[in-house]
Amino acid sequence: MIPAAKPIIGDEERAAVDRVLKSGMLAQGPEVAAFEEEFSKHVGGRHCVAMNSGTSALHLGFIAAGIERGDEVIVPSFSFAATANSVVLAGGVPVFADIDPKTFNLDPDHAESLITKKTKAIMPVHLYGHIAAMDRFAEISNKHGVKIIEDAAQGHLASLNGRNTGEFGVVASFSFYPTKNMTAGEGGMVVTEDAGIARMLRLLRNQGQEIRYQNEVIGFNTRMTDIHAAIGRVQLAKLPGWTATRQANAAYLDANLKGVVTPFVAPNSKHSYHQYTIRIPGGDAAKRDEFMKRIGEKGVGSGVYYPTPIHRLPSFKLDLSLPETELVIKECVSLPVHPSLTQSELETIVSVVNEVAASL
Ligand SMILES: *Cc1c(COP(=O)(O)O)cnc(C)c1O
């Protein structure tokens, strides 16, 4: 079976963990500081604050950006639940907007139409590694005085007009969960241009203290360990090469797949292909599921991200009309695109997908 996702862990990651274990200093320390500095080079030199997960990065990012009880934050419903959960954890209210079905990302026009007096921020998600329409969101931000926050959990090294994800929002949060384009085992990173926000993030993640036992604010313990940071540093060094391989794999699939809708890439954007997500046209989830079952029988793994929009999950249960989201959840399916695919596996994916799509 060609798996839908595959973390790549090599000897360098093992050696890095061993180095930290031998040092005897396991908690947040010099490895975390080095990881933050190295990550900063990929986000225009902005401040980087490491966390124990992408969800913590989003949660504390909202608090540091000034989201307070009752503030509305507009988010897509077509995302991982953590996108909206983190708004609630920070005391805010997620307001779910629809997506642009071409890019699968938050639709700026629909998001703008949902702005009220209570709206404090809009958080687009760079879903699947396609950067959201950040130029449009900047206009909306200027016009209405709302903050833009990025859920960049899937967006490592995606870009628009030469600017990477993380370089647009008041804060941006990345994830290093094992299936993301790079991993630290678990982990997250908050990126910001604002030194005050960066300082608040450092306080919040460490019990509110900069100097030990002089707690300034009510804080958390969401520190990253040096063990995780050591893995992250090795993976970060490999990330540009892996991203180029994902892009080459995607280009091969784009050129050869037939009978399915291949991923769209917006002008002046670079897709980093966290997922290679196609659509099986027809708005028929049973047909899509049959497609997945049949390619699976022929050895090609796939996944649906995400089968239920967040607003309809038992944790939210909201009755909303988001037609593009409802259509896309029935048609989308992600194929393997990860950097360890061989040429022969890519050829297998193409022949199996084309054969099954033609016979549906
Ligand atoms: C993975 C992910 C998160 C959460 O990151 P964790 O590191 O798993 O906590 C948040 N948002 C999106 C869009 C994600 O894909």
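Two residues are in contact when heavy atoms of theirs lie within 4.5 Å. Keep that idea at hand for this tour of a predicted model.

**Stop 1: leucine 60**

Select leucine 60, which sits in helix H3, residues 54-64. Now show its contacts, leaving out residues up to four places away in sequence: you should find Met51, Leu201, Leu204, Arg205, Phe220 and Thr222. Is leucine 60 buried or exposed? Its relative accessible area is 0%, so leucine 60 is buried. Next, add alanine 285 to your selection and draw a line from C-alpha to C-alpha. Leucine 60 and alanine 285 are 36 Å apart in space, and 225 residues apart in sequence.

**Stop 2: the whole protein**

Zoom out and switch to a cartoon view. The protein has eleven helices and 14 strands. A box of roughly 65 × 55 × 40 Å along the principal axes holds the C-alpha atoms. For 360 residues, a compact globule would have a radius of gyration near 21 Å, and the protein agrees with this because its value is 20 Å.

Try a surface view too. About 14900 Å² of the protein is exposed, with carbon and sulfur atoms supplying 54% of that area. Of the 360 residues, 54% count as buried. Take the contacts with a separation of 6 or more: 68% of them are between residues 24 or more positions apart.

If you colour by charge, look for 35 positive and 39 negative side chains. The centres of these two sets lie 2 Å apart.

**Stop 3: two domains**

Colour residues 11-234 in one shade for domain 1 and residues 239-359 in another for domain 2. How far apart are the centres of domain 1 and domain 2? Taken over C-alpha atoms, 25 Å separate them. Look along the boundary as well, where 39 residues of domain 1 are in contact with 35 residues of domain 2.

**Stop 4: helix H4**

Select residues 82-89, which form helix H4, and pick out its buried residues: Ala82, Thr83, Ala84, Ser86 and Val87. What covers the buried residues of H4? The cover includes H3, which you met at leucine 60, together with strand E2 (72-76), strand E3 (93-97) and strand E7 (147-151). Then step along to glycine 91, which follows H4 and has a positive phi, near 100°.

**Stop 5: two positive phi angles**

Go to asparagine 268, in the loop between helix H8 (226-256) and strand E12 (269-270). This residue is not glycine, yet its phi is positive, near 60°. Asparagine 268 counts as exposed because its relative accessibility is 56%, where exposed means over 50%.

Continue to tyrosine 273, in the loop between E12 and strand E13 (276-279). Tyrosine 273 also has a positive phi in a residue other than glycine, near 50°. Is tyrosine 273 buried or exposed? At 5% relative accessibility, tyrosine 273 counts as buried, since buried means under 20%.

**Stop 6: a cis peptide bond**

For the last stop, select tyrosine 305 and tyrosine 306 and show the backbone between them. The peptide bond that joins these two tyrosines is cis, with omega about 15°. Tyrosine 306 lies in the loop between helix H9 (285-297) and helix H10 (323-331).

Definitions and conventions. Residues numbered from 1 in each chain as written. Predicted model: local features only at pLDDT ≥ 70, side-chain atom pairs only at ≥ 80, totals over all residues. Heavy atoms only, no water. Helix = DSSP H or I, 4+ residues; strand = E, 2+ residues; numbered from the N terminus. Rg over C-alpha atoms; globule rule 2.2 N^0.38 Å. Buried < 20%, exposed > 50% of the residue type's maximum accessible area, 1.4 Å probe, protein only. Areas by Shrake-Rupley, 256 points an atom, 1.4 Å probe, with all protein chains shown as cover. Lys, Arg positive; Asp, Glu negative; His and termini not counted. Charge placed at Lys NZ, Arg CZ, Asp CG, Glu CD. Domains from an automatic or database assignment.
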